[in-house]
Amino acid sequence: VKLMAMVGSFIGTWAAVEAVLASLIAGGMLAVVLSLCSGRLPLMLRNVVALFRGTVLTFATGPAGLTIQGGGSAGRMPYGLAIALGTIGYLLLEQLGMI
C-alpha cells in the first residue's frame, strides 16, 4: 500500500488507479511464472480452486460451517517487483498512446 501511495504521488490519482490494475495483472502473471519455475503450479492451482469454492459457497450458503482445505502455501512472492513491472508497463503503454 505504501509503495502504491508513493507511485500515486508521482503519477497522479487516476493514473495510480490504472497502475494498480496493471500491477494486479503483473502480480498474477508473476505468480504463475514463479510457481511454474519452482514446480508448485499444481499446488497453487489447487489453492485457487479451494478459494474459489469457498467464495462461491459463502455467497450461496453464508459463512456458517464453512471450512476451506488448502494444500499449504505455494511460496512467497516479492510483490514490489509486481508493482514496479505493472507501473512501468502502464507508463509505457500510456506514452505509446495505447491507453
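Guide: A pocket is an open set of points on a 1 Å grid over the protein atoms alone, where a 1.4 Å probe fits and protein lies on both sides within 12 Å along at least five of seven lines, and its lining residues have an atom within 4 Å of a point. This is a predicted model, in which local features need pLDDT of at least 70 and side-chain atom pairs count only at pLDDT 80 or more, while totals for chains, interfaces and linings use all residues. Residues are numbered from 1 along each chain as its sequence is written, and side-chain values use heavy atoms, with hydrogens and water left out.

Visitor: Which residues line the largest pocket?

Guide: The lining consists of Ala31, Leu34, Ser35, Ser38, Arg40, Met44, Ala74, Gly75, Arg76 and Met77, around a volume of about 170 Å³. Helix H2 (residues 13-38) contributes the most to this lining, with four residues.

Visitor: How do you know that Ser35, one of those lining residues, is buried?

Guide: Buried means under 20% relative accessible area, exposed over 50%, and partly exposed in between (1.4 Å probe, protein chains only). Ser35 has a relative accessible area of 4%, so it is buried. Ser35 lies in helix H2 and, when residues up to four places away in sequence are not counted, it touches Arg40, Leu41 and Met44 (contact: heavy atoms within 4.5 Å).

Visitor: Why is Val32 called partly exposed?

Guide: Val32 also belongs to helix H2, but its relative accessible area is 37%, and therefore it is called partly exposed. Leaving aside neighbours within four places in sequence, Val32 is in contact with Leu41 and Met44, and its C-alpha atom is separated by 9.3 Å from that of Leu45, 13 residues apart along the chain.

Visitor: What makes up the largest nonpolar core?

Guide: A nonpolar core is a set of buried Ala, Val, Leu, Ile, Met, Phe, Trp, Tyr and Cys residues joined through side-chain atoms within 4.5 Å, and here the six residues are Met4, Val7, Ala15, Ala19, Ile83 and Tyr90. Helix H1 (2-11), H2 and helix H4 (79-95) are the elements that each give two or more residues to this core. Tyr90 touches Ile11, Ala15, Glu18, Ala19, Ala22 and Ile99, not counting residues up to four places away in sequence.

Visitor: Which element has the lowest mean pLDDT, and which the highest?

Guide: On pLDDT, the predictor's confidence in each residue from 0 to 100, helix H3 (residues 41-61) has the lowest mean among the elements of the chain, 81, and H4 the highest, 94. The chain averages 86, and 90% of the residues score at least 70.

Conventions:
Grid points are joined across faces, edges and corners, and a volume is the space filled by probe spheres set on the points.
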